[in-house]
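Subject: Handover of the two-chain model

Dear colleague,

Please find below the structure I promised to pass on to you, together with its sequence. My notes on it follow directly after, and I would be glad if you read them with the structure open.

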Number of protein chains: 2
Amino acid sequence: MVYRVGLIGLGTVGSGAVKTLIQNADQVSRRAGADVVLQGVADLDLESDRGVDLSSVPLKTNNGWDLIQSDDIDCVVELIGGETIAKDFVKGALEHGKDVVTANKALLASHGAELFQLADRHGRKIHFEGAVGGGIPIIQSLYGGLASSKIREIHAIINGTSNYILTKMDEDDRPFQTVLKEAQELGYAELDPTYDVEGIDAAHKLALLASICFGTRVDLKQVYTRGISDITIEDIHFGARLGYRLKLLAIAKDLNGEIEVRVHPTFVPARQILASVRGVFNAVSMYAEGLGSTMLYGRGAGDLPTGAAVVSDIIQCAQDKTSRRAIDYSNFYTPVKAVRPMSEVETEYYLRFLVQDNPGVLSKIAGILGGRNISILSVLQTEPSQNNQCPVVIMTHEAKEGNLMQALEEIHALDVVLAETKVIRIEKMDTARA
Amino acid sequence: MVYRVGLIGLGTVGSGAVKTLIQNADQVSRRAGADVVLQGVADLDLESDRGVDLSSVPLKTNNGWDLIQSDDIDCVVELIGGETIAKDFVKGALEHGKDVVTANKALLASHGAELFQLADRHGRKIHFEGAVGGGIPIIQSLYGGLASSKIREIHAIINGTSNYILTKMDEDDRPFQTVLKEAQELGYAELDPTYDVEGIDAAHKLALLASICFGTRVDLKQVYTRGISDITIEDIHFGARLGYRLKLLAIAKDLNGEIEVRVHPTFVPARQILASVRGVFNAVSMYAEGLGSTMLYGRGAGDLPTGAAVVSDIIQCAQDKTSRRAIDYSNFYTPVKAVRPMSEVETEYYLRFLVQDNPGVLSKIAGILGGRNISILSVLQTEPSQNNQCPVVIMTHEAKEGNLMQALEEIHALDVVLAETKVIRIEKMDTARA
């Protein structure tokens, strides 16, 4: 079976979605239970190079309606943004019996009521995983793994631009305007940054989240919204002295029949895991009775993270059509990848030796490590204790486990080494990398 | 339509699942698209008080087979644990055409191949959200919002007991054995803690995660597994001096055709968000090209978090039957809850006043705040600058926004107050609370 996608809008997110569709085609189709095909693309500009090859796409047009009205399209992906033409496209697609995928939070926050009602009437779905926290699987989690829980509180960092600015102000000790300018140069902030820095973008997303979690309609205009443009370094520093970090927080609470929805600069206790969300990263923390606290963290925006969310939505749409759920277990009984033997694994190491404190010990150990291609990153030597024994801690650069084990065997044969060496591996994974 | 659940095993997780089913019945049925009914329970002990009222459950039995063979049951929930009887029950349920929900990671890590193949043969599903990180919606996210992404790396803290012990050793400067004993007294560790502290439980979960993410079968015995029982305070301290925190990390990497799977004590850079995961909390950090890094965080175990995961799985099973997806949009066009006016919202406040530095100023301000029922938590007063002007920072206890605004109006009328006061709200939400 084939599932045919028509994508309107080849901007940043649109290009990211096309890239994801192409690069992960095998996985996308396997999980969709159908061959997912990019049947059509629509954009006013079909000429610019967007780093994707559209030559095999059957239907290329400047007019989104060509896709909406085509009988060869099962699902319309709206990625042009805005609330006027985008709204017409979404309505048109639903009326033509197509499922819709969109990442347009402004559209849904302002016109969600009308659009979702229309979708229900036509027995179609609107998926919008990309609308809140691009790389964070929050929407489907609320309807999936968290479906049984009644979320009572949301505390979210859902605007990457403002979180980047606050992080930089804090870390580099520079004022708002300077950091904003830099963010604009880096492409992290728009030329007109109002939506991001004044909390409006976050308010859009909070209205969507609160509506889903609390089972009630929350309109954008009901969200109390303040931004970060009047935040000073001084306030960030005073807060830090008192144990807090400043975040633009989107907060929603379900208080027995009444709800709270607000976006404003907020001091968060530094110990809170939410306080550790830095730079352009986003996080949504939720609290439900029974479940307790749970948090989803990831990149909030960007072509590929949001593109991936859009394609995950396409998979859900395809499953609706094929009545096939995403779970494919064949992994579990098809071993296709070999497991690398531990001796070939490379990591950095923490080594704690117990040695006789005399000159030359460190050089002997370093020599043996060097002979096995293990180079030293740093050494921590402490005062000798009774009996002239002394722990020496060595951190290594990346080395092969097999080489390390051989080196340790040699080292343990030295007279001056008094005990088994403590080996702890180090993982340098960067959860904040691109 | 009615969807009938038979639950085998009324232990910790079983009772938690029953509580969730009862307490959140409305939401569960709405999202399932069917009336979800607890049709039967089976346990050797039906007499003990488990804090749940089973009087309305039609079928109560000491024999799990009574549920499996019943025509009145659509879905069998296996929560007895272990790999012998539990395996027979799961196989039997599938063979009798029933979907299965389980939280049994040991069973799936060791016998997943056989069981999933059986499920496929019978056109049935096994859902297991509760098997990895009880309160973390990781499994459904992998098949849902993350479905389009090819996960390349997993770094996970997926054993709450060992993370609790390492956190306490670090924070309280106490040795492993002492903290383990305390954890046992608190019920965070089993009397025989081997599975948790030796990394076996984490290895089970990692085998499941790696199989799903990398599209290959990973057997438990392929996972390199080391525990934390030989970790000393000394090593934790040396690591801290070098900028690391010690975690029992479950690591899996997809390296172009070859994979790495290992569980061992690991130093993590303290700046990493994973290093901030404390106590019994779990987190799964994943990296995929395009998507970048994403992390899911929450309670790893416990009756209600795992029970909620089990019930979310039941919702998915019911949807399979009803061909109805979890997304219900009616929220968006049914406003049922009022939004609390901002003046009624209560938070703590950070207030920065700019005042003329002379005696009595602070007492005047404090007096006005007190008159509006706003009590002071702490005061930060700094050196006066030129012109004898001086910022005063006051942190308040919880107060009503309306009261604060009135107080500020009064305060601004004082001659000694020289500028608009900076107001930043504080959220004390505890993402680590139960």
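How many residues lie between S9(A) and S10(A) in the hairpin that they form, and which residue in the turn has a positive phi? The model is a predicted one, and in it 2 residues separate the two strands of this hairpin, with A:Asn256 in the turn having a positive phi of about 50 degrees.

On confidence, chain A averages a pLDDT of 93, and 96% of the residues score at least 70. For the complex, the predictor gives an ipTM of 0.93 and a pTM of 0.93.

The two arms of that hairpin, S9(A) and strand S10 (residues 258-269) of chain A, run antiparallel and are joined by 12 bridges; within this pairing, A:Ile251 has A:Arg262 in S10(A) as its bridge partner. Strand S9 (residues 244-255) of chain A is mostly covered, since 11 of its 12 residues are buried. S9(A) also pairs with strand S7 (residues 151-157) of chain A, again in the antiparallel sense, over 4 bridges, and here A:Ala156 finds its bridge partner in A:Ala250 of S9(A).

The contact between the chains brings us back to S10. In total, 117 residues of chain A are in contact with 117 residues of chain B, and S10(A), with 11 residues, gives the most to the side of chain A that touches chain B. By class, that side of chain A has 58 nonpolar, 36 polar and 23 charged residues. The strand pairing also crosses from one chain to the other: strand S13 (residues 338-339) of chain A and strand S10 (residues 258-269) of chain B pair in the parallel sense over 2 bridges, and A:Ala338 stands opposite B:Glu258 in S10(B).

As for the symmetry, a turn of 180 degrees with a shift of 0.0 Å along the axis lays chain A on chain B with an RMSD of 0.0 Å, and that is the relation of a two-fold axis. In chain A, the C-alpha nearest the axis belongs to A:Leu296, at 2.3 Å from it. The copies meet through the same surface, because 100% of the interface residues of chain A are also interface residues in chain B.

Away from the hairpin, two further residues deserve a look for their backbone. A:Asp173, in the loop between helix H7 (160-172) and helix H8 (176-186) of chain A, has a phi near 60 degrees, which is a positive value in a residue other than glycine; it counts as exposed because it has 10 C-beta neighbours inside 10 Å, where 12 or fewer is the limit for that class. A:Asn388, placed in the loop between strand S15 (376-381) and strand S16 (389-396) of chain A, has a phi near 65 degrees, likewise a positive value in a residue other than glycine, and with 11 C-beta neighbours inside 10 Å A:Asn388 counts as exposed.

Finally, the domain assignment of chain A gives domain 1 (2-134 + 304-332), domain 2 (138-301) and domain 3 (342-426). The C-alpha centres of domain 2 and domain 3 of chain A lie 45 Å apart.

With best wishes

Conventions:
Residues numbered from 1 in each chain as written. Chains lettered and ligands numbered in written order. Predicted model: local features only at pLDDT ≥ 70, side-chain atom pairs only at ≥ 80, totals over all residues. Buried ≥ 20, exposed ≤ 12 C-beta atoms within 10 Å, placed from the backbone. Pairing = 2+ DSSP bridges. Contact = placed C-beta atoms within 7 Å. Nonpolar A, V, L, I, M, F, W, Y, C, P; charged D, E, K, R; others polar. Least-squares fit on C-alpha atoms with pLDDT ≥ 70 in both. Domains from an automatic or database assignment. pLDDT = per-residue confidence, 0-100.
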